[in-house]
Amino acid sequence: MSKFKAALQSQVGRKLITGITGLGLVLFIIVHLLGNLSYFGGPEAINTYSHTLHELGGLLWAARLGLLVFFLFHIYLGISIWLEKRRARPVGYESYNSRGVPSRQSWSARSMIITGVILLVFVVFHLNTFAFHDFQTTVINGVEMHDVHARLTEVFQHEVYTISYVLTMVLLGMHLRHGVWSSFQSLGWMSRNSNPVVYSIAYILGLIIAVGFIGLPVSIYFGLV
Amino acid sequence: MSDQQMTIHLKVWRQKGPNSKGELVDYTMDDVNPHMSFLEMFDWLNEKLMKQGEEPIEFDHDCREGICGSCNMMINGQAHGPQKATAACQLHMRQFSDGDTIYVEPWRAKAFPIIKDLVVDRSAFDRIVEAGGYVSVNTGGAVDANAQLIPKKEADIAFDYATCIGCGACVAACPNSSASLFTGAKIAQFAHLPQGEPERKERARAMVDQMKEEGFGDCSNFAECEAVCPKEISITAIAEMRREYVKSLFD
Amino acid sequence: MAQTKEELFDAKIPEGPLQEKWDNHKNSLKLLNPNNKKKHHVIVVGTGLAGASASASLAELGYNVTAFCIQDSARRAHSIAAQGGINAAKNYQNDGDNIWRLFYDTIKGGDYRSREANVYRLAQVSNNIIDQCVAQGVPFAREYGGTLANRSFGGAQVSRTFYARGQTGQQLLLGAYSAMMRQVEKGKIKMIPRQEMLDLVMVDDLARGIITRDLETGEIQRHAADAVLLCTGGYGNIYYLSTNAKNTNASAAWRCHKRGAMFSNPCFTQIHPTCIPVSGEYQSKLTLMSESLRNDGRVWVPKKAGDDRHPSDIPDDERDYYLERKYPSFGNLVPRDVASRNAKYVCDEGRGVGPTKMAVYLDFRDAIKEQGLDTISGKYGNLFDMYEKITGENPYEVPMRIYPAVHYTMGGLWVDYNLMSNLPGLFVLGEANFSDHGANRLGASALMQGLADGYFVIPYTLGDYIARNDIKPVSTDTPEFDQAEKEVRERISRLLDNKGNKTVLDFHRELGKLMWDYVGMSRNKEGLEEVIGKIRDLREEFWKDVYVPGENETFNKYLEYAYRVADYMELGEVMARDALDREESCGGHFREEYQTEDGEALRNDEEYNFVSCWEYKGEGEKHDIHREPLEFEYVTPTQRSYK
């Protein structure tokens with residue numbers, strides 16, 4: 001067992017866990033996005049979706065717990081890798097430039113720690129705004145449930161919230177652009193041929209997720225729905 | 001191509017010893033021939049410095065044909081300078097323009113302490129190899145070389161990884177100072193050869209652990225290492241290293 | 001002629017038929033039991049193919065090894081730069097190769113100036129080398145069926161060269177280096193990089209230790225052992241411009257020589273015909289282009305001296321394809337020395353090309369026309385790229401410019417069949433010794449010899465020496481160590497305190513030019529007599545006027561450079577003397593007075609069928625020459641012809 005413990009602390013293990021937790025979080029984000037998109041189906045759709053989720057009870061709590069564990073590990077390792085990197089080069093260069101392709105040192109790659117920390121702060125506010133909020137209730141098909149639709153509509157009337165939400169989602173897209181590809185590489189799934197393909201897919205996925213999340217608040221703010 | 005002499009402004013890191021404080025010092029060379037190699041420009045500069053009674057700049061170099069891996073200069077913020085697949089010793093001044101200012105700094109990493117000026121200590125790489133970068137076969141114990149057939153494809157892949165010259169550009173260019181490409185290349189070479197099979201698990205674990213022990217950073221998949229590698233070793237080596245490592249956990 | 005000291009130069013060639021000598025010898029060698037081996041300590045200087053393979057093999061046997069190299073890592077020794085390949089008599093191609101043929105080709109290629117027994121052993125163990133390297137995971141080129149690939153190299157009529165693209169030296173060295181690092185991990189080898197041997201210490205007439213300088217801190221250290229193995233390569237850098245790595249040097253060997261080791265055949269140097277020419281005064285070294293290029297490239301110069309036209313503006317009837325003209329049957333594929341010499345002749349006539357006029361064209365125009373661009377690029381793409389990187393010219397469009405450059409030195413310290421010098425306990429391996437290549441080395445044989453010495457000869461012969469002589473440990477606290485250290489320190493201080501006006505590079509360049517002009521591709525009596533005086537004058541000037549910056553107690557590359565060049569100043573004279581003494585032409589040694597009507601090297605087997613052995617007689621004194629006669633029992637020396 002100590003072998004596995006040591007492995008988790010090794011440089012391979014750390015990235016492996018970062019990658020697995022990252023991909024887990026991406027799955028969550030995709031589900032979350034699909035949930036969000038149900039807003040466009042009207043109050044009934046999104047409220048029912050939310051209600052069904054809550055009805056899962058224990059299962060939901062297990063998922064939440066899992067998500068929390070993934071999240072904490074991901075944050076811990078991300079920060080730790082960043083600290084390690086600072087320790088590994090105590091004196092930096094006066095001049096530093098990337099050589100360009102095949103380097104993947106994009107702006108998103110270099111700012112993982114920044115986008116990561118902003119996302120973390122965002123999540124705290126986000127939970128406060130939605131998850132821990134005292135929702136109004138509504139009755140759909142005779143069932144009383146939280147009126148998520150109303151809350152969303154209310155929140156995204158505020159410009160400060162909308163703008164910061166949109167900006168954060170841009171950062172999320174960037175984080176995923178490097179993160180998704182990087183996870184596959186960290187898991188050792190890359191080969192010479194798959195490398196550029198997965199890199200492009202990650203780019204597109206980051207873009208879709210960012211655009212997907214931005215769509216809702218923008219639509220609400222400008223009264224498009 | 002022009003044979004016109006060029007003026008080049010250099011900002012070179014000078015540091016007296018391992019514990020001294022260093023700084024960038026400005027030098028101007030007004031008679032740089034475009035056909036000079038980058039290191040020949042340094043030879044030339046050193047001759048001038050000595051004739052003025054100043055201390056020459058120390059830098060590591062040996063074969064000057066891109067294979068020994070001795071030379072190590074961060075040129076304008078890029079390991080070995082701007083030319084693809086080229087070590088500093090094979091970089092020629094025709095890659096630069098008249099009037100350019102060029103920054104020249106040593107490899108920077110905690111695991112590569114500076115000895116003097118541009119010279120660093122790369123013995124950490126030797127210790128990574130020492131941890132497992134070999135096949136345990138004594139002299140005289142070998143069977144006939146053709147007794148074991150190796151598919152050409154596998155041999156070619158192994159060769160691609162084996163071309164590493166151990167210069168350390170991967171570490172120098174990596175924002176995290178990771179040695180994963182160096183370590184991965186050796187692990188991946190043996191992973192593609194039957195000779196490497198008996199020890200593959202121990203090798204992967206020992207070499208990866210040593211990398212950390214030496215104080216290199218984690219790999220964040222920037223792939224800058226592949227871009228600067230004079231032998232263009234692919235970061236697939238790092239993916240292979242990770243696979244080997246994970247496999248090594250399950251006996 | 002001075003008297004031959006027969007007793008000194010007993011090569012200890014074993015009895016019996018040629019084919020059985022090595023086996024007989026192994027049977028008669030004394031063995032050390034494994035427990036005793038653990039009590040013995042060996043110093044290995046240099047970690048190229050010979051040094052690394054010897055260190056690893058001896059450590060595996062149980063000896064305690066301390067290995068030194070001047071580079072920052074053992075992996076950077078200059079063996080790494082060998083491109084072409086390594087020969088072995090495997091006969092995997094079923095083309096009639098065998099040990100005898102490899103032996104015969106090597107001894108003939110060496111123009112009959114090497115020992116039959118040594119060369120035969122080299123051919124015998126060549127096969128084991130390939131097995132050993134493959135077992136270490138060296139990724140040699142392979143066929144689709146998974147077997148090892150071979151190519152024909154350097155004009156050989158069989159395909160016996162094993163290779164790993166153009167980086168065979170690198171792959172073999174990394175194999176030996178990794179075997180060595182395995183023993184470092186086990187604690188059997190203590191590896192000390194950035195450390196330079198500056199003297200040999202003899203105690204009771206046995207080689208018992210060395211004095212070194214730590215190249216990082218300048219610390220002068222003493223190291224004692226039961227035997228010293230010198231694996232420090234050749235001395236081609238004496239010419240200033242050569243294909244050797246900048247830091248390769250003759251100092252360790254030269255210091256041993258000054259302690260009494262004989263220097264053999266110093267004038268045998270190999271000049272490689274296809275190197276990228278010098279582009280200007282700032283040039284620091286030359287780069288070799290594989291000789292395979294001559295398979296398809298045509299060598300020419302303009303017929304008219306001083307023709308400055310662009311090569312493509314020179315019509316065919318105004319070009320002189322001089323190799324094809326002079327050697328109709330071999331054409332552009334004449335041996336290295338012939339090709340080199342002819343390039344020199346046309347340049348001396350003023351028909352050289354390029355900015356310095358010291359180059360000839362190697363033209364692929366016709367090959368591209370006949371075989372197509374793709375075929376040529378498939379064969380030579382990487383070489384063309386390398387050429388373009390260095391010169392900035394595209395050889396697909398403009399003919400390459402090439403010129404010969406010093407590449408390898410066949411001479412070196414004298415050794416017997418056991419690889420031991422005339423100083424008991426001092427063994428010399430690889431390019432540093434004189435033993436196997438005679439007057440000319442064949443392509444792909446340097447790697448073979450380095451590894452043969454280290455993997456398969458020294459492990460046997462060293463044990464015999466230690467067992468027979470009952471070597472007991474020695475302390476470094478003896479008058480001999482005191483004296484050697486004192487001399488090393490004095491020499492360094494003398495260099496540093498000199499504060500003259502000329503840099504080491506100035507002197508090295510001057511010495512190199514003298515060597516190249518007078519002791520280079522072609523030599524004559526008058527020139528050699530003249531250059532000996534010139535070298536002496538330059539040496540005197542060196543010690544008066546050299547400027548060495550900085551101090552000893554720091555990393556100081558120009559100080560290292562200074563003591564290496566100081567040694568070249570002495571070695572150069574002995575090379576010239578040797579060339580003067582050898583009144584014949586053979587292999588890499590071409591005396592203008594001794595040539596056939598066709599301009600070929602003319603050997604004199606009656607009088608010069610020997611190994612010259614130069615003895616140091618003291619500072620400023622003339623060297624003495626001794627001669628080890630060569631006997632040819634199994635092959636009959638013949639005259640080469642390439643017409």
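Biologist: Before we get to the chain B and chain A interface, when are two residues in contact?

Modeller: Two residues are in contact if their C-beta atoms, placed from the backbone, lie within 7 Å. Keep in mind that this is a predicted model.

Biologist: Fine. So how many residues of chain B are in contact with chain A, and how many of chain A are on the other side?

Modeller: There are 40 residues of chain B in contact with 42 residues of chain A.

Biologist: Which elements of chain B supply at least two residues there?

Modeller: Those are β5 (101-105), α6 (200-213), α7 (224-228) and α8 (236-248) of chain B. The most comes from α8(B), with 8 residues.

Biologist: And how does that side of chain B divide into nonpolar, polar and charged?

Modeller: The side of chain B that touches chain A has 18 nonpolar, 11 polar and 11 charged residues.

Biologist: Now the other contact. How many residues do chain C and chain B put in?

Modeller: Chain C puts in 65 residues and chain B 66.

Biologist: What does chain C use for it, element-wise?

Modeller: Helices α3 (49-61), α5 (116-135), α6 (168-185), α11 (373-391), α12 (446-469) and α16 (557-581) of chain C each give two or more residues to the side that touches chain B. Of these, α6(C) gives the most, with 9 residues. That side of chain C divides into 26 nonpolar, 24 polar and 15 charged residues.

Biologist: Switching to chain C itself, how many helices and strands are there?

Modeller: Chain C has 16 helices and 21 strands.

Biologist: What is the radius of gyration of chain C, and what would a compact globule have?

Modeller: Chain C has 24 Å, which agrees with the value near 26 Å for a compact globule of 643 residues. Buried residues make up 58% of chain C. Of its contacts with a separation of 6 or more, 73% are between residues 24 or more positions apart.

Biologist: I was looking at the sheet with β10 in chain C. What's the strand order?

Modeller: The order is β16-β10-β20-β21 (chain C), an open sheet of 4 strands with antiparallel pairing. β16 (412-413) and β21 (624-629) of chain C each have a single partner strand, so one side of each is left without a neighbour in the sheet.

Biologist: And over how many bridges do β10 and β20 of chain C pair?

Modeller: β10 (residues 263-264) and β20 (residues 610-615) of chain C pair over 2 bridges. Within β20(C), C:W614 is the bridge partner of C:F263.

Biologist: Which strands of chain C does α16(C) lie across?

Modeller: α16(C) lies across β10, β20 and β21 of chain C, at about 145° to β20(C). α16 of chain C is also among the helices on the side that touches chain B.

Methods:
Residues numbered from 1 in each chain as written. Chains lettered and ligands numbered in written order. Predicted model: local features only at pLDDT ≥ 70, side-chain atom pairs only at ≥ 80, totals over all residues. Rg over C-alpha atoms; globule rule 2.2 N^0.38 Å. Buried ≥ 20, exposed ≤ 12 C-beta atoms within 10 Å, placed from the backbone. Nonpolar A, V, L, I, M, F, W, Y, C, P; charged D, E, K, R; others polar. Pairing = 2+ DSSP bridges. Axes fitted to C-alpha atoms, helices over the stretch in contact; angles between N-to-C directions.
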